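Welcome to this structure! Here are a few notes to help you find your way around as you look at it for the first time.

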Amino acid sequence: MKKVVVVGAGPAGLMAAEVLSGAGVQVLLFDAMPSVGRKFLLAGKGGLNLTHSEAADPFASRYGPRRPQVEALFKWFDAGQVRTWAASLGIATFVGSSGRVFPAEMKAAPLLRAWLTRLRHPKNGPPVKFFMRHRWTGWHQAERSAPELDAASAATWLDFDTPQGPIQVQADAVVLALGGGSWVRLGSTGAWVPWLQAKGVEVAPLLPANCGFDVKSGWSPHFVSRFAGVPFKSVAIAFTDRQGQQFSRKGEFVATATGVEGSLIYAVSRWLRDDILACGSATFHLDLLPDMPCERVLAEVRHPRGSRSLSSHLKSRLHIEGIKAAILHELLSKAQMADPAQLAQAIKALPVTVTAARPLDEAISSAGGVLFEAMTGQLMLASLPGVFCAGEMLDWEAPTGGYLLTACLASGVCAGQGVLSYLKTR
């Protein structure tokens, strides 16, 4: 019986293990953490977002420059198949008002339990064997003691640190599903980067994705004390990057002690991050009243206010109060606040400059990773025959909304099928 080592017990690694086990391959699944799917479980605490129900073309567009490569993965496993797969585990799903797809129970744990039951007690094929608290530390120098090994055999001989001490494991093929560089406490450390680079694998630097940003010069102590953690609701963001690409969307985000974060910021984070890396800063425009035309805003600002204060006037005429009023005072001068035309323009397009992405470990996900150009179409490393990669350690990124998990699952299926094709040639 063929034996395959899978390193990483997140969604991509588990999916590769399922494909392989179902085909009669013995799978040994190793992970450094004490239990399986830790980031998956935490991501599902507020309601597990499995995938998205939108049509294939807009769905694929969410992957930006890596759309062609990720779209190729969906030929193996797409958003519709995610729901079918969940149903096969006994997990019903539904489409929310935003188009996102959730399990009926809104939790990750029941799905993970059913998945692990299938892997440990399959109807067909050998059970997957799990080895927790086994941290991969690189390739074993097998060629020193056995120089007759070919390159493929050497690449599939791995070292692990375990509670009982170091061990070496050799398999017929390997799937690496080690995650990116965010959420180190859950196992995604990025420690694998230099090990692959030392083997001639091209790896793009790991960068924060779906992340928050620090605003230029920081917020004032007064703003931080009153509004850190407070959301901006029913607003819109517009941004044009240095290459002329335009982003515009309505939604919500949150003020932090140092800047901004939240779903609307995450959606534009790739553009902001890349412009900061290229230019040192990026400026987006915040529309505080996206449902009101500019002419109406200007008319309301100019409306005679009598003895009322400007704050009372904005509150009564435009319902601008709280954090929306505070950010106007934070970013505009007294002269700008006193000029109706400038104030109205700022209400509809307030420039907010950010100068740094928050650290990688704070990000929801990471960009960068193993270049698709360094792999075959079935995700085998060109420089390491028999070694496949899957999941967030690949060089792609996507916004939240089910896109991250769908691509991780699809890459796991693709890598698993790639291993099966490879084993047929050995």
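The points below go through a sheet, a pair of helices and two residues with an unusual backbone angle.

1. Before anything else, please keep in mind that this is a predicted model. Every value in this note was computed from that model.

2. A good place to begin is the open sheet, which is built from 5 strands. Reading across, the order is E6-E2-E1-E10-E19, and the pairing is parallel. On average, neighbouring strands of this sheet are turned by 20° against each other, with direction ignored.

3. Which strands stand at the edges of the sheet? They are E6, residues 129-131, and E19, residues 387-389. Each has a single partner strand, so one side of each is left without a neighbour in the sheet.

4. You may like to look at how E19 is held at its edge position. Its link to strand E10, residues 173-176, consists of 3 bridges, and the two strands run parallel. Within this pairing, Leu176 stands opposite Cys389 of E19.

5. Next, please turn to two helices, H12 (residues 294-302) and H16 (residues 340-348). Their axes come within 9 Å and cross at roughly 135°. An angle over 145 degrees would count as roughly antiparallel, and the two helices are therefore oblique to each other. The crossing in which H12 passes H16 is right-handed.

6. What makes the contact between these two helices? From H12 come Cys294, Val297, Leu298, Val301 and Arg302. H16 contributes Pro340, Ala341, Leu343, Ala344, Ile347 and Lys348. Sorted by class, the contact of H12 with H16 has 9 nonpolar and 2 charged residues, with no polar ones.

7. Met106 deserves a look at its backbone: phi is positive, at about 65°, although this residue is not a glycine. You will find Met106 in the loop between strand E5 (100-103) and helix H6 (109-120). Is Met106 buried or exposed? With a relative accessible area of 29%, Met106 is partly exposed, because partly exposed covers the range between under 20% for buried and over 50% for exposed.

8. Ser234 is another residue that is not a glycine and has a positive phi, here about 50°. Where does Ser234 lie? Its place is in strand E13, residues 231-240. The relative accessibility of Ser234 is 42%, so Ser234 counts as partly exposed.

Key:
Residues are numbered from 1 along each chain as its sequence is written. This is a predicted model: local features need pLDDT of at least 70, side-chain atom pairs count only at pLDDT 80 or more; totals for chains, interfaces and linings use all residues. Side-chain values use heavy atoms; hydrogens and water are left out. Two strands pair if DSSP finds at least two bridges between them. Helices (H or I, at least four residues) and strands (E, at least two) are DSSP runs, numbered from the N terminus. Axes are lines fitted to C-alpha atoms, for helices over the stretch in contact, and angles run from 0 to 180 degrees between N-to-C directions. Angles under 35 degrees count as roughly parallel, over 145 as roughly antiparallel, 65 to 115 as roughly perpendicular and the rest as oblique. A crossing is left-handed if the near helix is turned anticlockwise from the far one by less than a right angle, and right-handed if clockwise. Contact means heavy atoms within 4.5 Å. Ala, Val, Leu, Ile, Met, Phe, Trp, Tyr, Cys and Pro count as nonpolar, Asp, Glu, Lys and Arg as charged, and the others, Gly among them, as polar. Buried means under 20% relative accessible area, exposed over 50%, partly exposed in between (1.4 Å probe, protein chains only).
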